[in-house]
Each structure stands twice: as C-alpha cells, then as structure tokens.
Amino acid sequence: MMIIGIVAVCIVLAVLAFFVPRLSRHPERGTQRTLGAGSRAGCKAPGVLGRIFSKPFRSSSKAVGRSGSAGRRARARMPF
C-alpha cells in the first residue's frame, strides 16, 4: 500500500511541477520532510535492522525529489 501511495505522490508532484513550478517546491519539501522523519525513526533500530527499516523512506524521498525536478526540467525545455 505504501508503494502505491509513493507512486501517486510522485505523479502528483511531477504534474504540479510541470504546470506550476514555483508552487511545487513546498509540497515536495513537505513530503521529503515527512519521509525523512520516517527514515530517522527507522534508523533507531539496532544494527542491520536500522538500515533495513530506513531504506524504503530514503529511496522514496529520492524518488519524490527526482519526480519534482523532472517536472520542472520538462517545463523548462518546452518551446513555448
């Protein structure tokens, strides 16, 4: 279920970044802040479990950043 949610957030951010680049920064940062809190909470588990629990949040945060930047980059390359 979490995977579907992250995919949906990435799609929404990419579309938002394409149509309204300046206004897409705030939702992107808020999503990354939330995922960062999950990553920090997961890494408090001892040893290898900490890395295992925090990895999905780190990779999701990277995906959110990439989708936002890809939307803004596509908007910048438009000819009009």
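Let's start from the outside: the chain exposes about 5,800 Å², and carbon and sulfur atoms supply 68% of that area. Keep in mind that what you're looking at is a predicted model. Along its principal axes, the C-alpha trace spans about 55 × 20 × 15 Å. There are 80 residues in the chain, and buried ones make up 28% of them.

What is the chain built from? Its secondary structure comes to three helices and zero strands, so reading from the N terminus on, you get α-α-α. Helix α1 covers residues 2-19, α2 takes in 25-42, and α3 runs through residues 48-76. Now look at the contacts in the chain with a separation of 6 or more: residues 24 or more positions apart account for 63% of them.

Helix α3 is a good one to trace with your finger. With 29 residues, α3 reaches 42 Å from its first C-alpha to its last, which is close to the 42 Å expected at 1.5 Å a residue. There is a bend on the way, though: α3 turns by about 35° at K55, and a proline, P56, follows within four residues. Quite a list of α3 residues is buried: G50, S54, S60, S61, V64, G65, S67, G68, G71 and R72. Where do the buried residues of α3 pack? They sit against α1 and α2.

As you look along any of these helices, a bit of background helps. An α-helix has 3.6 residues a turn, so residues three or four places apart point the same way.

Next, head inside. The largest nonpolar core has five residues, namely I6, C10, L13, L35 and V64. Helix α1 gives the most to this core, with three residues. Pick out I6 from that group: leaving out residues up to four places away in sequence, I6 touches L35 and S60.

That brings us to S60, which belongs to helix α3. Is S60 buried or exposed? S60 counts as buried, because its relative accessibility is 9% and the cut-off for buried is under 20%. Setting aside neighbours within four places in sequence, S60 is in contact with M2, I6 and L35.

Over in helix α2 you'll find E28. E28 comes out as buried too, with 9% relative accessibility. Which residues does E28 touch, not counting those up to four places away in sequence? The answer is L13, V64, G65, G68 and R72. Two of those names, L13 and V64, you've already met in the nonpolar core, while V64, G65, G68 and R72 are on the list of buried residues in α3. You can also relate E28 to V9: these two are 19 residues apart along the chain, and 9.1 Å separates their C-alpha atoms.

Stay in helix α2 a moment longer for G36. G36 has a relative accessible area of 19%, so G36 is buried, given that the cut-off is under 20%. Compare the position of G36 with that of F19: the two are 17 residues apart in sequence and 26 Å apart in space, C-alpha to C-alpha.

Then there's I11, found in helix α1. Why does I11 count as exposed? Because its relative accessible area is 51%, and exposed means over 50%. From I11 you can look across to G71: although their positions lie 60 residues apart along the chain, their C-alpha atoms are separated by 9.4 Å.

One last stop: the aromatic rings. A pair of aromatic rings is described by the distance of the centres and the angle of the planes. This structure holds one aromatic pair. The rings are those of F18 and F19, with centres 5.2 Å apart and planes at 85°, so the pair is edge-to-face. How do the two partners fare for exposure? F18 is partly exposed, with a relative accessible area of 24%, whereas F19 counts as exposed at 56% relative accessibility.

Technical notes: Residues numbered from 1 in each chain as written. Predicted model: local features only at pLDDT ≥ 70, side-chain atom pairs only at ≥ 80, totals over all residues. Heavy atoms only, no water. Core = buried A, V, L, I, M, F, W, Y, C linked by side-chain atoms within 4.5 Å. Buried < 20%, exposed > 50% of the residue type's maximum accessible area, 1.4 Å probe, protein only. Helix = DSSP H or I, 4+ residues; strand = E, 2+ residues; numbered from the N terminus. Contact = heavy atoms within 4.5 Å. Areas by Shrake-Rupley, 256 points an atom, 1.4 Å probe, with all protein chains shown as cover. Expected span 1.5 Å × (residues − 1). Bend = angle between axes of the 7 residues up to and from the residue. Phe/Tyr/Trp six-rings, centres within 6.5 Å; stacked < 30°, edge-to-face > 60°.
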